[in-house]
Amino acid sequence: SSNSRSGGTRALPPLGFAAMAVEPAEGQQPQAMAAAEPGGSSASASGVNGANVGMGSRRKDPLVLLRECVSGSKKIHWADDYLELDGQRVHRSAKCGYRLGPLDPLIDIGSVWYMFREISSDRSYQPEKVRKRGFKYISVASRGDLMDWLVGRNEYCPGIARDVIEGRAPVSDPVDEVQRRPEKRHASEISGAKKGEISYADVLKRVRPVKDLDVLVRCPGRTVPNADLILKIAQDEVANWRMERRGPDIRTPTGKVPLLKELEQMILENEGYRPIILVPCSKNCPVNLLNAGKLLQDGEYSARDEERVRFFESTRPEYVEIVRNIMGNMWTFEVRDSVKSFTKAQWLRVVAVITDGNEWQFKGWPFENIVDLFSTCKGVYFNEVGMQPPTHVIDWNVAILKMTPLQFQHRFAAIRDAFWVEVEKFLNEYRHKRFVNHTTLQPEKRVYFKTKPVL
């Protein structure tokens, strides 16, 4: 349309106004104002949800500005929490004509812009990431239609506030929110009861219709199947909740006493009688007295300390104590590498033997052969990284646990747990004592064959 002015004609912009950016004052939201041409008439803008947007002299909604930039492939600049939309600066917290639900307030333009930028750039758009940036998350159910509306693919979008987009209601107008959210009233005004009292009718009005067993038991007048049995079980639990719960009897099916019970009886006779774990007296084996405490207690394994290895004979302790929970009780184990001057009571307390594959480790032990040794004690062999276990160790009755490279420290805790699983299983079984008094183990010289590692 055009108007005559000073004897001439002049064509107005398509929307009947010239947009100008107004810098926001301190403490106010930025607004994009439109200066109408004197004597000019406003044209209708593009439709929103099927309706024409008669902007007139009102400002454009930030959502409309964002749509014009997106559909027109115009650049959108972001700086200092301000969006520059087609020459107009809009603060990220400025409300726009879109709400996520019928009862939700209007959302800020920054959240819509951030959602569009992340989705259109095929980036990760997660609730935690959005909240960390200070924006509001737009779910999948809502952002699909909103994306189509922003790019101009659809003219209708659920959640668009038409009265705000068309300029009939300002963003700060609280009329819509009051109409959507009923005013809170006191319970006495609703039920008519006296102030400070809650009647049974008030409770029935506010109770949730939950129909599980817990609610049905508390509802008078309702028939509950096996209600007497349920109440009896509950009363027994309340009456006996302070009673000490004992674990199941770990006797073997044949009636023989397991090793764990034998150790308990020894401790009752003498508190110093602790279970013993034997390790090789060698500074070159993967598990010895220098690192057994850390590995079997904390699940930690570090590189060899050359200083301690050099003075192995003088720096290692006599034994190391390890505390472990076995069948609900805390047990203290002694880790030793020497059986010199061992008494009969000490040999009876040996529960596990860690071997490095060399038979000289067992020289002088009170057994006739290796078979009797690993029938009386649990044998464990720690296989080094990149090596195959020797063929004679495979024939022994020992558990072979594979070590892991030092950089995978988290795996040593699993190795520790695997060791204790084997030991605990052995403790819960009956032990065949194959000790002898007339002879000791005298290993013969033999040639050890090790399988070649797989490269």
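A residue counts as buried when its relative accessible area is under 20%, as exposed when over 50%, and as partly exposed in between. This cut-off serves the tour of a predicted model that follows.

**Stop 1: helix 2 and helix 3**

Select Glu118 in helix 2, residues 109-120. Its relative accessible area is 1%, and because this value is under 20%, Glu118 is classed as buried. Next, add Lys129, which forms a salt bridge with Glu118; the closest N and O atoms are 3.3 Å apart. Lys129 belongs to helix 3, residues 127-133, so the pair, 11 residues apart, links distant parts of the chain. In contrast to the buried Glu118, Lys129 is partly exposed, with a relative accessible area of 29%.

Which residues are linked with Glu118 and Lys129 in a network of salt bridges? Extend the selection to Arg117 and Arg123, which complete the network.

**Stop 2: helix 11**

Move to helix 11, which spans residues 259-269, and select Lys261 and Glu264. The two residues are 3 positions apart, about one turn of the helix. They form a salt bridge whose closest N and O atoms are 3.8 Å apart. Are these side chains buried or partly exposed? Glu264 has a relative accessibility of 26% and is partly exposed; Lys261, at 33%, is also partly exposed.

**Stop 3: strand 12 and its partners**

Display strand 12, residues 329-336, together with strand 10, residues 276-278. These strands run parallel and are joined by 3 bridges. Within this pairing, Leu278 stands opposite Arg336 of strand 12.

Now add strand 11, residues 320-326. Strand 11 and strand 12 run antiparallel, with 7 bridges between them. To locate one of the pairings, select Val320 and its bridge partner in strand 12, Val335. Then follow the chain to the hairpin of strand 11 and strand 12, where 2 residues lie between the strands. Select Met327 in this hairpin: the residue takes a positive phi near 55°.

**Stop 4: a salt bridge at Arg336**

Return to Arg336, the residue that stands opposite Leu278, and show its side chain. Which side chain meets that of Arg336 in a salt bridge? The partner is Glu334, with an N to O distance of 3.1 Å. Both Glu334 and Arg336 are buried.

**Final view**

To close, display the salt bridges throughout the model: a search of the whole structure finds 21. Among them are the pairs Lys129 and Glu118, Glu264 and Lys261, and Glu334 and Arg336.

Key: Residues numbered from 1 in each chain as written. Predicted model: local features only at pLDDT ≥ 70, side-chain atom pairs only at ≥ 80, totals over all residues. Heavy atoms only, no water. Salt bridge = Lys/Arg side-chain N within 4 Å of Asp/Glu carboxyl O. Helix = DSSP H or I, 4+ residues; strand = E, 2+ residues; numbered from the N terminus. Buried < 20%, exposed > 50% of the residue type's maximum accessible area, 1.4 Å probe, protein only. Pairing = 2+ DSSP bridges.
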